[in-house]
Amino acid sequence: MLGSKKSEALLANIRNGLPMSRREKLSLIINLSIPSMLAQLTTVMMFFIDAGMVGHLGAEASASIGLIESTAWLIGSVLSASAIGFSVQVSHFIGANDFVKARQVFRHAYICEIILSLFLLAIGVAIHASLPIWLGGDAAIAGNSSSYFFVFSLTIPFLMLFHLSCDMLKCTGNMQLASAMSVLLCVLDVGFNYVFIYLFGLGVIGAALGTAMAYICTSLPVTWMTTCRNKILALKLDTIPFHWVWDYVIKSAKISFPIAVQSILMSGAQIVSTLIVAPLGNIAIAANSFAITAESLCYMPGYGIGDAATTLVGQTYGAARKDLCTSFARMTVGLGMLVMALMGAVMYVFAPEMIGLLSPVEAIRELGTTVLRIEAFAEPFFAASIVVYSICVGAGDTLRPAIMNLISMWCVRLTLAAWLARDYGLKGVWTAMAIELTFRGSLFLYRLFRGNWLKGLAEKPAVETLQTT
């Protein structure tokens, strides 16, 4: 609670044009990063526990989920990208102390996201039966993959409500509530999974149902708390009638479109990567899926720090405080690289135990351990790409970072993966991944220090005090 109050006061200093010491900036970064890191870690733990429960059902059950995992991430990425265009505007208006416009954009976000989520639900239901075949899965796992994806598709609107509400809370600087809801989501997911997988004996379908129930039980209360209880965004605070403003939607589309295209093509690249891995056999498919899940424990702290960077850069950008914006950007990148370097070392040492928690199959454990240790060396540069990208998003700079991600993924990772997989199997695929992440991180560091992501932002005097709307 004390950390929350302190963060609110420091964020108010940003909006009101007051100067900040280096200690205050570091304190704010940490206070916002830690809850967001915990939220990211608990989200990963949810998938980690899911994978572990299913993993103990055998290699085929694990492969059935691993096969469609990239497609599920694709849908989630599209929802996330579409929301970013609105959340960036909300963050900028909050930084400028224009809470009325922030709430107007907030309403537009929910209306547009509900429409989009229902559209994606319809697509998911329509393709669920054919999807595993399109992805190259064999008949032994196609049925379970299809059923899992069908349940996931029905859950899309609730997934949207949960993540959009948490994103809006983060825009206001309320990382604590977003983190608490993510922890609750994880706890409920474990409980529901145990009931559906083991007590009801539903196996793979039980895992899907457990996750769906967890999202339903958390998305509705967090949406209520955001729309009715938040000090900045609660809709009851509006003093003017709601009216549709196409400029908000158009600006959102300009910000979101590069991210959406990037998300589609990046997730498409993950699907292509799955197609590269699929011919290597069910052991390789399962090991690849488990290694991705285990590695998430390492890179999710980077995304947590990235969330804090987006909030801080977004509000300082909205407040037109260029020097402070640059300072927050560089400090968050340094912290992200340090944390993920440490996490990479931990992952290297404990790789056998991490994979062992997910699968009792010795061949899967050995292969998963090997590829995790290959990836560990690239984690600091992965952190750089995550946090700098989040900084660019906070500033509304999305086109060139999206192009950088796509070039790196398609021209470096997939090309190398297809080439190395022929002789080195899954180890070759993960070697290509490590090389590409190092290359991508270097590109983003260059963009950060060159400063083009802040082009057009004028500096306001630090002593200027703005009036709250």
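**Exercise 1. An aromatic pair between helices**

Are F93 and Y248 buried or exposed? Find out, then classify their ring pair and say which elements it joins.

*Solution.* Keep in mind that you are working with a predicted model.

Step 1. Start with the surroundings: F93 is buried, and Y248 is buried too.

Step 2. Next, count the ring pairs. The structure contains 13 aromatic pairs. In one of them, the ring centres of F93 and Y248 are 6.2 Å apart and the planes meet at 75 degrees, so this pair is edge-to-face. The cut-off behind that label is an angle over 60 degrees.

Step 3. Now place the two residues. F93 belongs to helix α3 (residues 59-95) and Y248 to helix α9 (residues 246-277), so the pair ties together parts that are 155 residues apart in sequence.

Step 4. Look for other aromatic features. F192, F196 and F200 are joined into a cluster by ring pairs. At Y348, R373 lies over the face of the ring, 5.2 Å from the ring centre.

**Exercise 2. The overall fold**

Describe the protein chain by its elements, its dimensions and its contacts.

*Solution.*

Step 1. List the elements. The protein chain has 14 helices and 0 strands.

Step 2. Test the compactness. The radius of gyration of the protein chain is 22 Å, close to the 23 Å from the globule rule for 469 residues, so the chain is as compact as a globular protein of that length.

Step 3. Add the dimensions. The C-alpha trace spans about 65 × 40 × 40 Å along its principal axes.

Step 4. Consider burial and surface. Of the 469 residues, 58% count as buried. The chain exposes about 18,500 Å², and carbon and sulfur atoms supply 69% of that area.

Step 5. Check the range of the contacts. Among contacts with a separation of 6 or more, 84% come from residues 24 or more positions apart.

**Exercise 3. Cysteines and disulfides**

How many disulfides does the structure hold? Work through C112 and C298 as test cases.

*Solution.*

Step 1. Recall the chemistry: a disulfide is a covalent bond that joins the sulfur atoms of two cysteines. The cut-off to apply is a pair of cysteine sulfur atoms within 2.5 Å.

Step 2. Take C112. Its closest cysteine sulfur is in C171, 15 Å away, which is too far for a bond. C112 counts as partly exposed, with 21% relative accessibility.

Step 3. Take C298. Here the closest cysteine sulfur belongs to C186, at 18 Å, again too far for a bond. C298 counts as buried, with 1% relative accessibility.

Step 4. State the total: the structure holds 0 disulfides.

**Exercise 4. Positive phi in two loops**

Locate N97 and A320, and describe their backbone and their burial.

*Solution.*

Step 1. Begin with N97. This residue sits in the loop between α3 and α4 (99-127). Although N97 is not a glycine, its phi is positive, at about 65 degrees.

Step 2. Ask about accessibility. The relative accessible area of N97 is 2%, so N97 is buried.

Step 3. Repeat for A320, which is located in the loop between α10 and α11 (322-356). A320 is not a glycine either, yet its phi is positive, at about 60 degrees.

Step 4. Finish with its accessibility: at 12%, A320 counts as buried.

**Exercise 5. Two residues and their contacts**

Which residues does L280 contact, leaving aside its neighbours within four places in sequence? Do the same for S27.

*Solution.*

Step 1. Place L280: this residue is in the loop between α9 and α10 (282-318). Its relative accessibility of 35% makes it partly exposed.

Step 2. List the contacts. Beyond neighbours within four places in sequence, L280 is in contact with A421, G425 and L426.

Step 3. Compare sequence with space. L280 and T431 are 151 residues apart in sequence, while their C-alpha atoms are 16 Å apart.

Step 4. Turn to S27, which lies in helix α2 (residues 22-55). S27 counts as buried, at 14% relative accessibility.

Step 5. With neighbours within four places in sequence set aside, S27 is in contact with K6 and L10. The C-alpha atoms of S27 and S7 are separated by 8.2 Å, with their positions 20 residues apart along the chain.

Methods. Residues numbered from 1 in each chain as written. Predicted model: local features only at pLDDT ≥ 70, side-chain atom pairs only at ≥ 80, totals over all residues. Heavy atoms only, no water. Buried < 20%, exposed > 50% of the residue type's maximum accessible area, 1.4 Å probe, protein only. Phe/Tyr/Trp six-rings, centres within 6.5 Å; stacked < 30°, edge-to-face > 60°. Helix = DSSP H or I, 4+ residues; strand = E, 2+ residues; numbered from the N terminus. Lys NZ or Arg CZ within 6 Å of the ring centre and 35° of its normal. Rg over C-alpha atoms; globule rule 2.2 N^0.38 Å. Contact = heavy atoms within 4.5 Å. Areas by Shrake-Rupley, 256 points an atom, 1.4 Å probe, with all protein chains shown as cover.
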